[in-house]
Amino acid sequence: MSLKWWRGTREEPAAATAGPASPAGPSGSGATAPEPADAPDTRQDGTDTPDTHSAEVVTAEQGLGFAELPTDAPRTGPLSPLPAPLLTGVPTGLPGMRADGGLLRGRWIAAASLTGTSHLLHGTSGQDVYRYTATHDGSGLVLVVCDGLGSRPSTAQTGAGLLASYLCEAAAHVTGRAMAEAPQDVLREVLATANAAVRRHRAAVLEPLTDSDLAATVAVCWLPLPAEGEGESEGAARHALPGHAVRVGDCNVFTLAGGRYEAPFPAATEGPANVVTAYLPCEAPARVAEYAPVALAGVDAVVVTTDGLAIDLFDSPSVRTWLASRWSVPCGPARMLDSLRYRRQGSHDDRTALITWSAPLDHIPRLEP
């Protein structure tokens with residue numbers, strides 16, 4: 001997070017498929033974009049067929065001599081030509097693009113993180129990190145995103161990575177019984193454990209850095225998983241149980257159902273959209289944490305995001321419609337990356353989305369170990 005902008009009331013030109021402009025959002029079209037046609041075809045015998053799509057595509061928007069794949073992602077508002085991206089020379093810099101897609105305990109997870117244009121313009125590192133895990137007892141899925149503060153461009157991404165990893169490590173020990181009895185207490189302990197671990201790591205390895213040098217905002221979402229061997233009716237009952245989320249700062253959680261979004265943590269309604277007043281590590285994480293249940297009945301997918309994407313989901317009808325369409329089905333990593341390639345006036349921060357879908361994908365073939 002490195003730029004400041006003011007949340008205004010300017011009417012944004014919306015794409016043709018955009019829905020109403022409320023944060024609860026539009027109805028997605030459910031359309032599936034065609035797969036790229038320029039990948040080589042390979043026969044079953046392992047030989048390649050003649051490639052009729054070998055010409056690389058350079059978009060008119062780039063025009064800088066390097067090749068890039070085209071995209072149908074929307075372009076909203078007056079946009080300047082993209083400059084040549086500058087890579088960071090900081091040893092702690094993160095890769096500019098990260099993506100995942102696959103099964104974890106029977107649930108499909110997809111994630112993507114793109115470095116923001118503000119970082120690419122100045123040659124600084126993106127600072128978003130995502131992590132995911134399942135609890136050791138199999139009762140829950142844990143989704144984590146962290147966003148390092150742009151005021152510490154050389155070190156905050158290190159803090160975000162440490163915090164995300166320690167949060168997953170702490171959350172993996174959570175039990176379903178404990179979450180059923182006192183979810184806020186459990187999540188408070190997860191935050192406290194990870195916060196203490198980051199501070200110990202800093203003191204032991206990263207002196208003379210301070211807590212603020214490693215500062216990051218965070219969102220953690222715990223979602224119930226069906227127990228192994230549960231019947232269909234028992235699994236359906238478990239899916240109706242709520243998930244639980246905790247955050248520090250301005251990362252967010254969304255549910256997506258029938259193309260409509262709901263957010264357990266409300267959007268800021270006035271003032272600078274990305275002035276952060278709380279982060280980890282800190283002296284007292286429980287005092288700066290916010291908790292919310294995540295209603296899952298009838299939900300198609302749960303999305304955990306950093307603020308760069310959350311703000312666009314709250315403020316842009318065209319972005320909401322585009323992402324609802326792209327995320328209407330479980331995504332592979334390439335599709336997830338492409339979903340975040342939209343351009344919107346004033347949207348310059350890193351974009352990170354970590355998603356799981358409710359429907360089981362039992363029909364996907366798997367190799368025997």
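A: A pocket is an open set of grid points where a probe fits, with protein on both sides within 12 Å along at least five of seven lines, and its lining residues have an atom within 4 Å of a point. The model considered here is a predicted one.

Q: How is empty space found, and how many residues line the largest pocket?

A: Rolling a probe the size of a water molecule over the atoms reveals where space is left empty. In this structure, the largest pocket holds about 1,000 Å³ of space. Its lining comprises 46 residues, and L82, T115, G116, T117 and L120 lie nearest the centre.

Q: Which element gives the most to the lining of the largest pocket, and what classes of residue make up that lining?

A: The element is α1, with five residues. Both α1 (117-122) and β12 (343-344) supply at least two residues each. By class, 19 lining residues are nonpolar, 18 are polar and nine are charged.

Q: How should one read helix α4, and what should its 23 residues span?

A: An α-helix has 3.6 residues a turn, so residues three or four places apart point the same way. At 1.5 Å a residue, α4 (residues 183-205) should span 33 Å, and its end C-alpha atoms are indeed 33 Å apart. Among its buried residues are V186, L187, V190, L191 and A194. The buried residues of α4 pack against α2 (156-171), α3 (176-181), β7 (243-248), α6 (285-288) and β10 (290-294).

Q: Which residues of the largest nonpolar core touch the most other members?

A: Of its 33 residues, these are V144, C146, L163, L167 and V218. The helix α2 gives the most to this core, with eight residues.

Terms used: Residues numbered from 1 in each chain as written. Predicted model: local features only at pLDDT ≥ 70, side-chain atom pairs only at ≥ 80, totals over all residues. Heavy atoms only, no water. 1 Å grid on protein atoms, 1.4 Å probe; cavity = no way out; pocket = protein on both sides within 12 Å on 5 of 7 lines; lining within 4 Å. Points joined across faces, edges and corners; volume = space filled by probe spheres on them. Helix = DSSP H or I, 4+ residues; strand = E, 2+ residues; numbered from the N terminus. Nonpolar A, V, L, I, M, F, W, Y, C, P; charged D, E, K, R; others polar. Expected span 1.5 Å × (residues − 1). Buried < 20%, exposed > 50% of the residue type's maximum accessible area, 1.4 Å probe, protein only. Contact = heavy atoms within 4.5 Å. Core = buried A, V, L, I, M, F, W, Y, C linked by side-chain atoms within 4.5 Å.
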